[in-house]
Amino acid sequence: MPDAPIDAATLRRWDKDHLWHPFTAQKDWYAVEPLVIDRAEGAELIDTEGRRYLDGVSSLWCNVHGHRHPTIDAAIRGQLEKLAHSTLLGLTHPTAAELARRLVELAPEGLTRVFFSDDGATAVEVALKMAFQYWRQKPDPEPDRTAFVALGGAYHGDTIGDVSLGGVDRFHTMFRPLLFPVLRAPIPFCYRCPLGLERPGCGMACLEEVDRLLASHPGTVAGVVVEPIVQGAAGMVVHPEGYLRGLREITRTHGTLLIADEVAVGFGRTGRMFASELEGVSPDFLCLAKGITGGYLPLAATLTTEEVYSAFFATTAEGKTFQHGHTYGGNPLGAAAALATLRVFEEERTLDRLRPKVALLSRRLEEFAALKHVGDVRQKGLMAGIELVRDRESKREFAWHEQVGNRVCRRARDYGVLIRPLGDVLVVMPPLSISEEQLDRLLDVMLRCVREVTEGTAG
Ligand code: PMP
């Protein structure tokens, strides 16, 4: 006999008694009854009471083909019948080898080596450590190349290395005393340009700043780290066209490495399999996680070039080994989910079928842009940010304590839509598989809630 399901009230009590939530002010958490998600289907999450919610943020920006996709479910089940876990330490297994091969086929040219780990933070951490070590042991070593350039508003994960790169005060300031220093380049954020300039007259001065930064630190920069095309946690900041291409050229000119963190933008989110493709860029490192398994299981990959790999290609005695690894890195279940996820991209022509949804999102965002308290809307592919402001003219923000973004999202829940804000930027990031009808409904609810909360209208 299966155990009787535990009722929602008990689960809520156990949660409050013991569970410490990520990025959460626990005292605020105690003030509301948490939603207990029990099941999911396609673009919908279902709570213990059977209520359905449209998943407007793809769980944690990771779901691609919807929840409970039959192909991915079957692949994981099939893998489970054979092998739940083995390791890539001293052994290999079929799904990891096949996935490495498949990722290399899909990735921008020149990325031929795949190092597996288990989440986005470690995918970037691996790139940092590899880049650092690369300079020490390449044929003509440049051991002074130890510094990293990161952008304002950068978010690359929560390990100490990634937090060092981080440029979001709310997440990162607390840990400063623990961190290594980085060279900070201005965020290419045209709505709130840190250089006080305007497009197109600015001539992309933010890019020139990177050039200047590298020129003033000759031979000491190990790599420049960027979230290509869209900086997610900074507030869905869409970079101006040509920025990534420019960054690639500048890093080449100064002989340093380009590390592309596609943890959030990879796997179709921007309309292409990888965002770097939008500008024809091949980085030296490509960091992947989140959507790699369709949002099912923890798995991540750091891809790099033969050039980097060859600096590590040596015997034990030569002491050039990359001394890094994770227990669940490249685990068979995750790799099986990833292979199935990539197969679904082909079988369902996910990227072709995304186009009308992207167009629909663009059209509907115009309605948001016309609202009194919307300062800016930013979109690339099926990811968008809607920035709420107190005053459009001056771009003045709402006070933090007003929690406007949170209140809009809380309200949306009452109408059966789950979204999460980044401060007062509303994120629109549903599974790529969402139907046009569902996307319309998601945006209807969001529009209504923005008006209710910011204009006090009754809907
Ligand atoms: N890089 C980027 C750009 C991200 O958006 C995130 C997560 N939101 C990470 C890295 C970290 O990924 P993870 O949460 O899987 O560690």
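Leu-207, Val-210, Asp-211 and Leu-214 of helix 9 meet Tyr-243, Gly-246, Leu-247 and Ile-250 of helix 10, a contact being two residues whose C-beta atoms, placed from the backbone, lie within 7 Å. Helices (H or I, at least four residues) and strands (E, at least two) are DSSP runs, numbered from the N terminus. By class, this helix contact has 6 nonpolar, 1 polar and 1 charged residues; Ala, Val, Leu, Ile, Met, Phe, Trp, Tyr, Cys and Pro are counted as nonpolar, Asp, Glu, Lys and Arg as charged, and the others, Gly among them, as polar. This is a predicted model, where local features need pLDDT of at least 70 and side-chain atom pairs count only at pLDDT 80 or more, while totals for chains, interfaces and linings use all residues. Residue numbers start from 1 along each chain as its sequence is written.

Turning to domains, an automatic or database assignment splits the chain into domain 1 (8–65 + 352–455) and domain 2 (72–347). Their centres, taken over C-alpha atoms, sit 27 Å apart. At the junction, 25 residues of domain 1 are in contact with 23 residues of domain 2. On the domain 1 side, helix 3 (58–61), helix 13 (350–369), strand 13 (374–380), strand 14 (383–388) and strand 17 (425–428) each chip in at least two residues. That side divides into 12 nonpolar, 8 polar and 5 charged residues.

As for the ligand, its shell has 8 nonpolar, 4 polar and 4 charged residues. Helix 6 (residues 120–137) gives the most to this shell, with 3 residues.
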